[in-house]
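Q: Please take a close look at one part of this model, its helices and what surrounds them, and then follow the picture outward to the pockets.

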Amino acid sequence: MGALPERSRPVQRDLDAAGVETSIRVLPDSARTAQAAASAIGCEVAAIANSLVFVADGSPVLIMTSGGHRVDVEVLARGIGATSVSMAPASVVREATGQAIGGVAPVGHPAPLRTYLDESLAAHDEIWAAAGHPHTVMPLTFEALQRLTRGTVIPVA
């Protein structure tokens, strides 16, 4: 794990603990957006699993959504049974995940976050998620992502 950025090491530990076999890749350039990640990896943008933190009824939640579309906050609120949902400010993202926006991984956080998975990610044989740092990504199957996060599958758009 020595070659991984510091913030990617807890991600690797959680992958190992869950028995998810994948390889965290360090990219030469930042992949802070779904389009940048897709271009760097050579996959379609819809196969990028964006890790977005929202505040739902006062608590942070992690939404893993396809890079191919935007989250509809009203659809999301219905899907998670929340009255109020909004994007989390950067300070809440950092506090909840220990990671910066643009590099938030599905795991490797100080404490587990309630996680929801965009149902459209299931259409891809391989999806790509950030791995704790804007320069790191990892390939996963939808099934591995669900097992790793214990996420609930919902529509988000």
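A: In this predicted model, helix H4, which spans residues 90-97, has Val93, Ala96 and Thr97 as buried residues. Seen down the axis of H4, these buried residues fall within an arc of 80°, so they line one face of the helix. On the other side of H4, by contrast, Ser91 and Glu95 are exposed. The cover over the buried residues of H4 includes two strands, E2 (48-56) and E3 (59-66). Just after H4 comes glycine 98, which takes a positive phi of about 75°.

Helix H1 (9-18) can be read in a similar way, beginning with the segment before the helix, where serine 8 has its place. With a relative accessibility of 0%, serine 8 counts as buried, because the limit for that class is under 20%. If its neighbours within four places in sequence are left aside, serine 8 is in contact with Ile24, Ala131, Gly132, His133 and Thr136. Within H1 itself, Val11, Gln12 and Leu15 are buried. Around the axis they cover an arc of only 100°, which puts them on the same side of H1. Strand E7 (136-140) and helix H5 (142-149) are included in what covers these buried residues of H1, and the helix is followed by glycine 19, whose phi is positive, near 70°.

Several of these elements return in the pockets. The largest pocket has a volume of about 390 Å³, and its lining consists of 26 residues, of which Arg32, Asn50, Ser51, Leu52 and Gly102 lie nearest its centre. At least two residues of that lining are supplied by each of helix H2 (34-41), E2, strand E6 (127-130) and E7. Strand E2, already met in the cover over H4, gives the most to the lining of the largest pocket, with six residues. By type, the lining of the largest pocket divides into 18 nonpolar residues, seven polar and one charged.

The second largest pocket, with a volume of about 260 Å³, leads back to the other helix. Its lining is made of 14 residues, and those nearest its centre are Asp14, Val107, Pro112, Leu148 and Arg150. H1 and H5 each supply at least two residues of this lining, with H1 giving the most, three residues. The lining of the second largest pocket divides into eight nonpolar, four polar and two charged residues. H5 thus appears both in the cover over the buried residues of H1 and in the lining of the second largest pocket.

Methods. Residues numbered from 1 in each chain as written. Predicted model: local features only at pLDDT ≥ 70, side-chain atom pairs only at ≥ 80, totals over all residues. Heavy atoms only, no water. Buried < 20%, exposed > 50% of the residue type's maximum accessible area, 1.4 Å probe, protein only. Helix = DSSP H or I, 4+ residues; strand = E, 2+ residues; numbered from the N terminus. Arc of directions from axis to C-beta. Contact = heavy atoms within 4.5 Å. 1 Å grid on protein atoms, 1.4 Å probe; cavity = no way out; pocket = protein on both sides within 12 Å on 5 of 7 lines; lining within 4 Å. Points joined across faces, edges and corners; volume = space filled by probe spheres on them. Nonpolar A, V, L, I, M, F, W, Y, C, P; charged D, E, K, R; others polar.
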